[in-house]
Amino acid sequence: MRNVPTVCVRETTDSVIKFQEQRSIIRFLNDKRLNYKKIQVDGCALHEGLKCDKMLCSADEREEHYVELKGSDVPHAIDQLRQTIIKLGEYDDKRRSYVVCTKVAPKISTLIQRAKAEFRKKYNSDLQIKETPLEVILK
């Protein structure tokens, strides 16, 4: 991750690393209790333009998880993830992106499929768009 002030980063070895905004929740299951960095992106690491809410990085920063917690505006959430990867992404060894929302409308399934393909090709990132709560196993 590039140019993130230390005040925006909190190190953790918690077995469950949780991010929540309103009713949207993502939990990263850290069974091995490895060292990770929780980053407050929106309003701390980035103040201007589109940006996602949170980020989780491995201690060596080679593993990046971008998180946008939303109500239902999935297209806007995808744009926020794109911009954050462009601004903060440094290594693409293991990059994952998540939109966690309270409701995913079926009518946007084509948009979601295109976005997943774009993220794989352009940003070397898997993109998951799921309804809350989402659990992700860290390996």
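Start by colouring the whole chain by burial: in this predicted model, 46% of the 139 residues count as buried. Then switch to the surface, where the protein chain exposes about 7,300 Å², with carbon and sulfur atoms supplying 46% of that area.

Next, show the cartoon. You should find 2 helices and 9 strands, and walking from the N terminus the order reads β-β-β-β-β-β-α-β-α-β-β. Fit the view along the principal axes, and the C-alpha atoms fill a box of roughly 40 × 25 × 25 Å. The radius of gyration is 14 Å, which agrees with the value near 14 Å that a compact globule of 139 residues would have. If you draw contacts between residues at least 6 apart in sequence, 64% of them join residues at least 24 apart.

Now go inside. Select Ile39, Met55 and Val99, the residues with the most contacts within the largest nonpolar core, a set of 27 residues. Add strand S5 (54-58), helix H1 (74-88), strand S7 (94-101), helix H2 (109-123) and strand S8 (125-131), since each of these supplies at least two core residues. H1 gives the largest share, with 6 residues.

Zoom in on Ile39. Beyond its neighbours within four places in sequence, Ile39 is in contact with Met1, Val4, Cys8, Val9, Ala45, Asp53, Lys54, Met55 and Cys57. Then pick Tyr36, Leu69, Val100 and Leu138, which belong to a second, separate core of 13 residues.

Last stop: the charges. Select the 27 positive and 21 negative side chains, and mark the centre of each set; the two centres lie 4 Å apart.

Terms used:
Residues are numbered from 1 along each chain as its sequence is written. This is a predicted model: local features need pLDDT of at least 70, side-chain atom pairs count only at pLDDT 80 or more; totals for chains, interfaces and linings use all residues. Side-chain values use heavy atoms; hydrogens and water are left out. Helices (H or I, at least four residues) and strands (E, at least two) are DSSP runs, numbered from the N terminus. The radius of gyration is taken over C-alpha atoms; the globule rule is 2.2 Å times the number of residues to the power 0.38. Buried means under 20% relative accessible area, exposed over 50%, partly exposed in between (1.4 Å probe, protein chains only). Contact means heavy atoms within 4.5 Å. Accessible areas come from the Shrake-Rupley method with a 1.4 Å probe; for residues, only the protein chains shown count as cover. Lys and Arg count as positive and Asp and Glu as negative; His and the chain ends are not counted. The place of a charge is taken as NZ of Lys, CZ of Arg, CG of Asp or CD of Glu. A nonpolar core is a set of buried Ala, Val, Leu, Ile, Met, Phe, Trp, Tyr and Cys residues joined through side-chain atoms within 4.5 Å.
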